[in-house]
Amino acid sequence: MKISEVGGERAVIELIKELAGPKSGIGDDCAVIEPHKRKTVVTADLLVEGVHFRADWATYYEIGAKAAAVNLSDIAAMGGDPSHTFISAALPDTEFDDLRELVRGMCETFTRYGSVIAGGDTTASKSGLVINITQTGYCDKPVLRSGAEVGDYVMVTGPLGASRAGLELLARFGRKKAEEISPRCVKAHITPTPKIAEGLFLAKSGVVTAMMDISDGLASDAKRICEESGVGMEIYPEKLPISDCLREAAGYLGLSEEKIALAGGEDYELLFTTPKPEEVAEVAVVIGRVVEGSEPLTVTGGEKTKPTGTWTHF
Ligand SMILES: [Mg+2]
């Protein structure tokens with residue numbers, strides 16, 4: 001049944017209330033947030049069908065789960081603990097069961113990481129689905145992008161490129177075949193994991209000088225830390241953590257693992273700088289150094305080059 005057939009916006013709000021659980025603040029004109037002794041960090045994200053996700057590759061549950069994960073990842077990037085979620089959506093008159101799955105994917109993911117669904121808004125959409133999520137988190141000391149210093153080490157919390165390889169496999173072969181080739185790359189793309197525990201650990205360590213999550217790809221995201229901190233970086237491609245699944249996919253794609261790891265986005269690992277890598281070695285590996293300059297350069301056999309092949313949304 002279509003949304004319009006089961007009661008329109010009212011039915012949608014009832015659905016969100018039901019799936020958000022008893023702790024949700026939905027039902028009043030405003031959500032009420034109690035004061036907290038820690039700082040509050042806030043992020044907002046807009047997801048547009050056809051631009052940020054494709055309903056033909058992923059189930060509605062997966063689309064919802066990913067939308068949640070992407071926002072939680074921004075909280076992780078500051079070293080925050082997720083607290084409240086606001087979900088707004090412009091909805092085409094789609095199947096109510098699809099919407100239920102979408103909301104279930106979101107609510108389950110937010111709830112898993114301890115966030116309370118506190119409010120939002122819904123309206124009809126004449127074209128595709130548009131979702132806006134506003135997410136808050138608590139932080140003792142938020143880690144910004146602007147604190148990197150010359151001499152710091154550049155580190156990353158986990159393997160890079162699997163998500164991009166998953167996307168390429170999906171685009172070229174469709175879901176079924178892509179999953180036969182590399183189920184883990186497909187999973188990395190379709191349902192990424194926000195690195196909340198790692199972010200909390202890194203912020204608490206007190207030795208991290210700048211941090212962000214890798215959404216657009218290592219090369220372009222490293223550039224953002226360089227810009228905000230007024231530094232350069234040397235990245236050592238041979239030190240990039242490459243997951244086994246990227247190795248198995250790279251052959252099928254005819255692309256180098258190194259290029260995918262450098263330029264591929266949506267890994268949602270954390271990229272950070274620190275003068276004391278040994279204190280955070282249990283959650284991350286060194287991939288470079290902060291140097292004087294204004295942008296990241298890759299260093300291979302003493303030769304420095306600008307990383308190329310950066311992808312953007314397509
Ligand atoms: Mg981010």
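Which residues have the most contacts inside the largest nonpolar core? They are M106, A165, C185, M211, L246 and L271, and the core they sit in has 87 residues. A nonpolar core here is a set of buried Ala, Val, Leu, Ile, Met, Phe, Trp, Tyr and Cys residues joined through C-beta atoms within 7 Å.

## Ground rules

This is a predicted model, where local features need pLDDT of at least 70 and side-chain atom pairs count only at pLDDT 80 or more, while totals for chains, interfaces and linings use all residues. Residues are numbered from 1 along each chain as its sequence is written.

Helices (H or I, at least four residues) and strands (E, at least two) are DSSP runs, numbered from the N terminus. Buried means that 20 or more other C-beta atoms lie within 10 Å of a residue's own; exposed means 12 or fewer, partly exposed is in between, and the C-beta atoms are placed from the backbone.

## Two domains, and a core that draws on both

The protein chain splits into domain 1 (9-139) and domain 2 (153-305), with bounds that come from an automatic or database domain assignment. Their C-alpha centres lie 26 Å apart. The contact takes 17 residues from domain 1 and 19 residues from domain 2, with two residues counted as in contact if their C-beta atoms, placed from the backbone, lie within 7 Å.

On the domain 1 side, the elements that give two or more residues are α2 and β2, and α2 brings the largest share, nine residues. That side divides into 10 nonpolar, three polar and four charged residues. For that count, Ala, Val, Leu, Ile, Met, Phe, Trp, Tyr, Cys and Pro are nonpolar, Asp, Glu, Lys and Arg are charged, and the others, Gly among them, are polar.

Back to the 87-residue core: its largest share, 12 residues, comes from α2. The core also draws at least three residues from each of domain 1 and domain 2.

## The four-stranded sheet

One open sheet has four strands in the order β1-β4-β2-β3, with mixed pairing. Its edge strands are β1 (39-48) and β3 (116-124), each pairing on one side only; strands pair if DSSP finds at least two bridges between them. Neighbouring strands are turned by 15 degrees against each other on average, direction ignored.

Inside the sheet, β2 (residues 81-91) and β4 (residues 130-139) run antiparallel and are joined by eight bridges. I87 stands opposite I133 in β4. Two helices lie across strands of this sheet: α1 (residues 8-20) crosses β2 and β3 at about 165 degrees to β3, and α2 crosses β1, β2 and β4 at about 30 degrees to β4. Axes are lines fitted to C-alpha atoms, for helices over the stretch in contact, and angles run from 0 to 180 degrees between N-to-C directions.

## The seven-stranded sheet

The other open sheet has seven strands, ordered β6-β8-β5-β9-β7-β10-β11, again with mixed pairing. Here β6 (210-213) and β11 (303-305) are the edge strands. The average turn between neighbouring strands is 30 degrees, direction ignored.

Strand β6 runs antiparallel to β8 (residues 270-274), with four bridges between them, and M212 has L271 in β8 as its bridge partner. Helix α2 turns up here as well: it packs on the sheet, touching β6 and β8, and its direction makes about 170 degrees with that of β6.

## Around α5

Helix α5 (residues 183-190) has C185, V186, A188, H189 and I190 as its buried residues. They pack against α2 (60-78), α4 (162-181) and α8 (244-253). Not counting residues up to four places away in sequence, C185 touches A162, A165, G166, L169, C245, L246 and A249.

S182 is found in the loop between α4 and α5 and is buried, with 25 other C-beta atoms within 10 Å. Leaving aside neighbours within four places in sequence, S182 is in contact with A165, L169, C245, E248 and A249.

## The loop before β8

E266 lies in the loop between α9 (257-263) and β8, and so does Y268. Both have positive phi without being glycine: near 65 degrees for E266 and near 55 degrees for Y268. Both are buried too, E266 with 23 other C-beta atoms within 10 Å and Y268 with 24. S182 and Y268 are 86 residues apart in sequence and 19 Å apart in space, C-alpha to C-alpha.
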